[in-house]
Structure formats: C-alpha cells, structure tokens
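Dear colleague,

Please find below the structure that I am handing over to you. My findings follow it, and I would be grateful if you could read them alongside the coordinates.

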Amino acid sequence: MVQVVAPLCVMGLGLCFSLWGAISVKLMPRLGIDKGQFGTLISLFMGSCLVLSLVMGVVLDSVGYMPVAVFGFAMTSVCLFLLAYAKTFPVVLGTCVLLGAGAMALNASGNTLATLVFFGGNNPAAASNLTNVFFGAGIMLTPLTVSFLFRKTTYERTLSLLAIAVLLPVAAAVLATYPKSNAAFAFSAAVGLLGEPALWVGGLVLFCCFSLDTTLKSWLPTFGKEVMTQANPEREVDAVDASALRLLVWFAAGMMLSRLLASNVPFITDYGVWFVSAAGLASGIVIFAMIRTGSPTQVIYLAAMAGFIFGLSFPTTLGVTFAKFPKEVRGSVFGVVFAIGLLGSVIMPKAMGNAARGSTVQKSLKLLLPLCVLQIILAIVLGWV
C-alpha cells in the first residue's frame, strides 16, 4: 500500500502546482482582479512553499510519514473547497498560504517515501525520476479535468469535485505501513554547507529553472487565450478557455516524456551541466517563438516543447549537484537548493503579472529571456565548482 501512497502524494503536489494556471481564466473575472493581483496569488503560494519546505522535513521526522501524508491530502482538499466558494481576494490570499502547507506536506512525504520504497531503496536517483513522472501526471491531469468540468458544470462544483477526489487517498495513507522516517532536513548540516560554492551555484541554476517553469505554467492558459482570441475573435469564450487550459496538458506531457528519457541516459550525471546549458538555450528559442507567434496551432506545439525542455532541467541539475556532495548530507543539500530555487517561483510570476498590466502576457514573456541566458552560464559554472 505504501507504494501507492508515495506516487499519490506527488501527484497531489503536481495538482497544487498546476492549479493556479488551471483556474486562472475563471478565477480572475470571478474575483475582479487583474493580472498583477493574480501574480500576487502565485507568489504568495510559492513563498509559503519556500518556508514550509524547510519545516515539513523536521515535522515528518518527528511524527512519521502517515500524519504528514494525511495532513497534506486533507489540507489540499480543504483549500480546494475554500477556492470553490471564496468570492473575495483576501480569502483567496489566505488560502494560498494554507495550500502551501498542504503541498509541502505532500512533497516531503511523497518524495522521501519514494526513495525508500521503490527499487528496494537502493536506487534513489531512479526512484526520484520515477516520482517526477507522477508529478508530471498530476500537472497534466489537473487542467485536463478542470477544462472538461468547466464545460459541464459550474466553477463551484468543479473545484468541489476536485476536493473530494484529493481527499480519497487519505484511506490509503491511513492503512499503509511505513518505513521509519530518517531523511528530515538537518539545519546543523545545512549551516556547514553554506560555504560550498557548488551549493549556491546549483541553487541559482534551480532559481532559473523554477522561474521559467512556474511562470510559464501559471501564465500559459492566459497566454494561449490571448493568441487564440486574436486569431479567432468570433469563437465562443468557453471553448477558448477550454483550449487554453489544455495547453497545460501538452506542457505536462512534454515534461513527463523528457524525464522518462533522461532517466535512461547512463552518462547524464557526468555530462549533466551540458544538458542543462543546452536546455537553457532551447528554452530561450521556444520563448522567443512564443512571443512572435500568432497561430493557435503553433502555441500547442510550443507548449509541449517548453514542457519537454523544462522537464529535463530540474532533476538533472539536482543530480549533478548531489554528485558533488557525500550521500550523508544530500538531504540538507536538497533543502537548501530547493529553497533557493523556489525564490524564483516567488519573484517571477508576480513580475510577469506586473509587466502584463496594460499589455499582454505574450509580450511580457520577454522577461524570461535573460533567465535562459543566465541558466546557460550558471550550468557551465556548476561543472567547474
């Protein structure tokens, strides 16, 4: 049963991370907020995740896997119900913080469990890659489900049904038998690692990766809606919204494929910095194409390509960084670099929203181009330190 709980936790994490993009086209007009305020919601959610990602490891070691997993599913479900019926911006702001707690509880329990219960606990890298595929499945299924339900029923009922679905895995989490938790974030070890250049460079590469990934996932439906509406202004609004939301499905499918392929490359750790650097270059090309395109069909292909490229960057950077440190401190390394990476998720979606005020998301995508260049440079530096 525990082999079922781990991927369900990570799928739930994928739901939390793709939720804002999936509901953006309905949530903004419902609350009467602009793109800048929507960017604030994303930044607050990611800021909550940043802080709580450091806390949940300690909590997990103190109380065990089962309470943390149950809390993650339950809190995420509560937040979905709150979002279903919230009609004011302040209420949704508070829900962002609570959703960060649920997401990081699922993150800590799912990702840690996976390395212990898959492949006999002897191949954590393979287990991590496998887990990230389920994360991609969560990202893909959320907008697919939401876009379908939005066309069949109301916004309130759509999120309520999603909340019930997220609550169902609690039964499996309660019945499972867990290994003893032993991979909590070690603050004392982390302090000693802060003088290591590889830690900071690896974290800064993840800053670029997370900035690109989170910002594009969050604004992809709005970007798609802009292009589709301009190309076919007479098309029904609900049909445009559904098509725009499905871009997240293509993005997630590309991400899952790239991670499956990367997990089968035997030399990817040794030459990983070149893979990540090439991904930075490819990211810049795809984003530039997004800025220039006016074709709804091209938008679909570009969304899938972006997911494929972005999907490679995070696990490869993490693996390269891990290889530079002893196994005994990898938990602390993960905590630090993940927190640095999340800073990008806090800053850039809000910056995108601010830039899109009085303009369009499509034109504002140019803000991401310097990050692509920075990823190329930092990935090469990571190979030297």
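A residue is called buried here when its relative accessible area is under 20%, exposed when that area is over 50%, and partly exposed in between. Please also bear in mind that this is a predicted model.

With that cut-off, the buried residues of helix α3 are Y65, V68, A69, G72, F73, M75, T76, S77, C79, L80, L83 and A84. Helix α3 itself covers residues 65-85, which makes 21 residues. From its first C-alpha to its last it reaches 31 Å, close to the 30 Å expected at 1.5 Å a residue. As background to such a pattern, an α-helix has 3.6 residues a turn, so residues three or four places apart point the same way.

Overall architecture

The protein contains 15 helices and zero strands. A compact globule of 385 residues would have a radius of gyration near 21 Å, and the 20 Å found for the protein agrees with this. The C-alpha trace spans about 60 × 45 × 35 Å along the principal axes. Of the 385 residues, 56% are buried. When contacts between residues at least 6 apart in sequence are considered, 84% join residues at least 24 apart.

The protein exposes about 15200 Å², and carbon and sulfur atoms supply 69% of that area. It carries 21 positive and 12 negative charges, whose mean positions are 3 Å apart.

Helix α1

Three residues of helix α1, which runs over residues 2-31, deserve a description. L8 lies in this helix and is partly exposed, because its relative accessible area of 27% falls between the 20% and 50% limits. Beyond four places in sequence, L8 touches F73 and P169; F73 is one of the buried residues of α3. L8 and G110 are 102 residues apart along the chain, yet their C-alpha atoms are separated by 7.6 Å.

L15, also in helix α1, counts as buried at 10% relative accessibility. Outside its sequence neighbours up to four places away, L15 touches T76, L80, G138, T142, L162 and V166. Among these, T76 and L80 belong to the buried residues of α3. The C-alpha atoms of L15 and A108, 93 residues apart along the chain, are separated by 15 Å.

S18 is likewise found in helix α1. Its relative accessibility is 2%, so S18 counts as buried. With residues up to four places away left out, S18 touches G138, I139, T142, P143 and L248. G138 and T142 also appear among the residues that L15 touches.

Helices α9 and α10

Is K217, in helix α9 (residues 197-231), buried or exposed? K217 is buried, because its relative accessible area is 4%, which is under the 20% cut-off. Leaving aside neighbours within four places in sequence, K217 is in contact with F17, G21, I139, L248 and F251. I139 and L248 are also touched by S18. K217 and E234 are 17 residues apart in sequence and 26 Å apart in space, C-alpha to C-alpha.

F251 is found in helix α10, residues 237-262. At 0% relative accessibility, F251 counts as buried. Apart from neighbours within four places in sequence, F251 is in contact with D213, L216, K217, L220, A303, A304, A306, G307 and F310. D213, L216, K217 and L220 fall within the residue range of helix α9. The C-alpha atoms of F251 and I300, which are 49 residues apart along the chain, are separated by 8.5 Å.

In brief, the contacts described above link L15 of α1 to T76 and L80, and K217 of α9 to F251.

Yours sincerely

Key
Residues numbered from 1 in each chain as written. Predicted model: local features only at pLDDT ≥ 70, side-chain atom pairs only at ≥ 80, totals over all residues. Heavy atoms only, no water. Helix = DSSP H or I, 4+ residues; strand = E, 2+ residues; numbered from the N terminus. Rg over C-alpha atoms; globule rule 2.2 N^0.38 Å. Buried < 20%, exposed > 50% of the residue type's maximum accessible area, 1.4 Å probe, protein only. Contact = heavy atoms within 4.5 Å. Areas by Shrake-Rupley, 256 points an atom, 1.4 Å probe, with all protein chains shown as cover. Lys, Arg positive; Asp, Glu negative; His and termini not counted. Charge placed at Lys NZ, Arg CZ, Asp CG, Glu CD. Expected span 1.5 Å × (residues − 1).
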